[in-house]
Amino acid sequence: MRVVRHERSGDASLRRETNMTTENGAERLWTTTEVAQFLGVPVATLYQWRTRRQGPRAYRVGKWLRYDPADVRSWLSGRAA
């Protein structure tokens, strides 16, 4: 899932695309927005979890946070009730 941000008069709309792999076939890292959509939680919740060290593991790439999809899925499966 790739999220493309379109700016229209100050509003940001999201459009999903199906390209979830890189050119060499590896699964690419997810953005904070993509993880929030996958988990069905607000982006702010991900940031809160990160400061409390409760959420899925994130990597800092430059000034951005990126998530390995395998880490997110593993974290989620470990939280099964």
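A residue is called buried when its relative accessible area is under 20%. By that cut-off, buried residues make up 26% of the 81 residues in the protein chain of this predicted model.

**Whole chain.** Start with the full chain in cartoon view. Three helices and four strands should appear, and from the N terminus on they run β-β-α-α-β-β-α. Switch to a surface: the accessible area comes to about 5,800 Å², and carbon and sulfur atoms hold 49% of that. Of the contacts in the chain with a separation of 6 or more, 36% are between residues 24 or more positions apart.

**Thr32.** Next select residues 32–39, which form helix H1, and pick out Thr32 within it. Is Thr32 buried or exposed? Its relative accessible area is 7%, so Thr32 is buried. To see what is around Thr32, show Val43, Leu46, Tyr47, Leu65 and Tyr67; these are its contacts once neighbours within four places in sequence are set aside.

**Helix H2.** Select residues 43–52, helix H2, and show the side chains of Thr45, Leu46 and Trp49, the buried residues of this helix. Now turn the view to look down the axis of H2: the buried residues fall within an arc of 100°, so they line one face of the helix. Residues three or four places apart in an α-helix point the same way, because there are 3.6 residues a turn. Leu46 appears here for the second time, since it is both a contact of Thr32 and a buried residue of H2. To find what lies over the buried residues of H2, add H1 and helix H3 (69–77), which are among the elements covering them.

**Arg53.** Step on to Arg53, which follows H2 and sits in the loop between H2 and strand E3 (59–61). Which sign does the phi of Arg53 have? The angle is positive, about 55°, although Arg53 is not a glycine. Most residues other than glycine have a negative phi. Arg53 is also exposed, with a relative accessible area of 79%.

**Strand E3 and a surface patch.** Finish at Val61, in strand E3. Val61 has a relative accessibility of 40% and therefore counts as partly exposed. Select Leu29 and Tyr59 along with Val61 and show their surface: these residues make a nonpolar patch of about 230 Å².

Notes. Residues are numbered from 1 along each chain as its sequence is written. This is a predicted model: local features need pLDDT of at least 70, side-chain atom pairs count only at pLDDT 80 or more; totals for chains, interfaces and linings use all residues. Side-chain values use heavy atoms; hydrogens and water are left out. Helices (H or I, at least four residues) and strands (E, at least two) are DSSP runs, numbered from the N terminus. Buried means under 20% relative accessible area, exposed over 50%, partly exposed in between (1.4 Å probe, protein chains only). Contact means heavy atoms within 4.5 Å. The arc is that of the directions from the helix axis to the C-beta atoms. Accessible areas come from the Shrake-Rupley method with a 1.4 Å probe; for residues, only the protein chains shown count as cover. Patches are made of residues with over 30% relative accessible area and no salt bridge: like charges are joined within 9 Å, nonpolar side chains (Val, Leu, Ile, Met, Phe, Trp, Tyr) within 5 Å. A salt bridge is a side-chain nitrogen of Lys or Arg within 4 Å of a carboxyl oxygen of Asp or Glu.
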